[in-house]
Amino acid sequence: MPKKLPYGRQSIGSREYELIKEVLESDWLTQGPRLGQFEGALKDLCQTDYAFAVTNGTDALYLACRAAGLGPGDRFITTPITFAATANTAVLCGAEPVFVDIDKNTLNLDLNLVEKALQADDSIKVILPVHFAGLVCDMDRLADLAGQYNAIIIEDACHAIGGQYQDHQNQWHPVGSCHHSAMTCFSFHPVKCMTTGEGGAVTTSNPDLARRLTLLRSHGITKDPDILEKNDGNWYYEMHDLGINGRLTDLQAALGLAQIDQLPQWQQRRLELVKKYDSDLAELPQIQTQQRPQNEDRSCYHLMVIRTENRRELFDWLHEKEILVQVHYIPVHLQPYYRKKFGTKPGLCPEAEKYYSEALSLPLFPAMSDQDQERVVQAVKDFHQRAK
Ligand SMILES: Cc1ncc(COP(=O)(O)O)c(C=O)c1O
């Protein structure tokens with residue numbers, strides 16, 4: 001049997017074992033020093049003022065939406081081509097989704113349609129763009145639109161940690177710098193570009209949002225003497241808002257610390273693999289790939305997505321050969337929950353629906369060898385040879 005090739009996989013080395021062992025032997029499995037160290041490393045990577053490492057990417061998005069004050073009566077814009085959590089977290093806050101279609105080349109939100117949606121609806125409070133597969137949205141233009149219509153941008157960068165993007169003045173910004181947004185959210189699930197098992201983070205450069213995030217991540221509880229209403233003694237705390245336990249453990253933070261140091265080399269390997277896929281697959285007219293930025297050398301790609309009209313057959317063909325491709329994503333507005341609760345239906349986002357009917361994610365992870373990649377490309381070529 002050939003070796004199974006998943007579409008994504010974590011890389012774990014000796015440094016991960018070392019740092020986790022240290023935590024296991026220490027007094028602090030959680031709420032210890034590793035969490036702050038990991039948050040410091042995230043701040044350095046993103047070149048921003050505040051980083052909060054949290055339980056997972058879903059909680060990162062939920063906390064960011066809560067910190068932004070999203071609630072009942074508000075609407076938010078997002079893309080249907082994302083994991084359900086992007087929309088779910090804003091809905092959990094009581095807000096209503098406005099699904100805006102994707103651009104067929106970038107597979108990110110179509111910003112002309114975002115503009116139209118903002119013009120048509122003054123209850124839109126938040127825009128949740130997703131940097132799909134690691135391709136960063138046009139943040140300059142989005143920030144202009146958000147400014148014009150008084151909307152708050154929360155970046156869902158669960159696919160894009162470690163990447164940098166260029167603005168319209170050709171200045172580089174790390175994803176997570178929040179140069180064009182209020183907050184940025186990350187996921188550290190094992191298939192992502194770095195992992196803490198489960199885990200996520202919110203970054204921001206806004207001190208008020210940072211205060212809200214601090215409170216909401218810890219049950220809404222504070223011991224801060226500056227905001228306590230009274231003080232009964234050293235044990236005393238007060239609950240000022242309704243929050244969650246969103247803390248990452250020190251075991252996970254240790255894993256994250258070991259991983260984050262290796263992110264630049266993994267980013268390079270992902271880029272190399274994506275470039276090779278792009279050039280090898282260019283021979284096949286039946287396959288389209290995602291648009292790349294003009295200068296892509298600082299992108300950190302999470303997924304290698306392709307489009308083909310024979311997606312279903314190709315999916316089965318590759319799985320038979322132990323190449324475990326996936327589909328990202330089933331459009332969120334077509335999920336039964338959204339259809340029943342918000343009346344969304346087929347035809348609402350035609351580009352997203354067409355993309356879904358053709359989408360396939362090929363294996364992409366740093367430990368993938370050149371031979372592994374050749375095997376995937378050959379299998380895709382063989383399929384098209386056979387289909388002739
Ligand atoms: C775009 C996107 N948003 C949100 C999430 C949720 O992250 P997590 O699985 O860490 O909760 C994911 C991860 O699956 C994702 O890919």
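## A tour of the cavity and the ligand site

Start by selecting Arg9, Gln10, Ser11, Lys192, Cys193, Met194, Thr195, Gln259, Trp266, Arg270 and Pro366, the residues that line the largest cavity. Keep in mind as you look around that this model is predicted. Colour your selection by class and you will find four nonpolar, four polar and three charged residues in the lining. The space they enclose comes to about 40 Å³. How many cavities of 30 Å³ or more does a search of the whole structure find? The search turns up one.

Leave Lys192 selected as you move on, since this lining residue is also among those that come nearest to the ligand. Add Gly57, Thr58, Asp156 and Ser187 to complete that nearest group, out of 16 residues around the ligand.

Now zoom in on the polar atoms. At Thr58, a polar side-chain atom lies 2.5 Å from a ligand oxygen. At Gly57, look to the backbone instead: an N or O atom there is 2.8 Å from an oxygen atom of the ligand. Turn next to Asp156, where a polar side-chain atom sits 2.8 Å from a ligand nitrogen. The ligand taken alone exposes 390 Å², and the protein buries 92% of that.

Switch to a cartoon view and pick α3 (57-67) and α4 (85-92), each of which supplies at least two residues of the shell around the ligand. Which of the elements gives the most to this shell? That is α3, with three residues. Coloured by class, the shell shows six nonpolar, eight polar and two charged residues.

For a last stop, turn on a pocket surface: the ligand takes up the space of the second largest pocket.

Conventions
Residues numbered from 1 in each chain as written. Predicted model: local features only at pLDDT ≥ 70, side-chain atom pairs only at ≥ 80, totals over all residues. Heavy atoms only, no water. Near = heavy atom within 4 Å. Polar contact = N/O pair within 3.5 Å; in protein donor to acceptor, adjacent residues only side chain to side chain. Areas by Shrake-Rupley, 256 points an atom, 1.4 Å probe, with all protein chains shown as cover. 1 Å grid on protein atoms, 1.4 Å probe; cavity = no way out; pocket = protein on both sides within 12 Å on 5 of 7 lines; lining within 4 Å. Sits in = over half its atoms within 2 Å of the grid points. Helix = DSSP H or I, 4+ residues; strand = E, 2+ residues; numbered from the N terminus. Nonpolar A, V, L, I, M, F, W, Y, C, P; charged D, E, K, R; others polar. Points joined across faces, edges and corners; volume = space filled by probe spheres on them.
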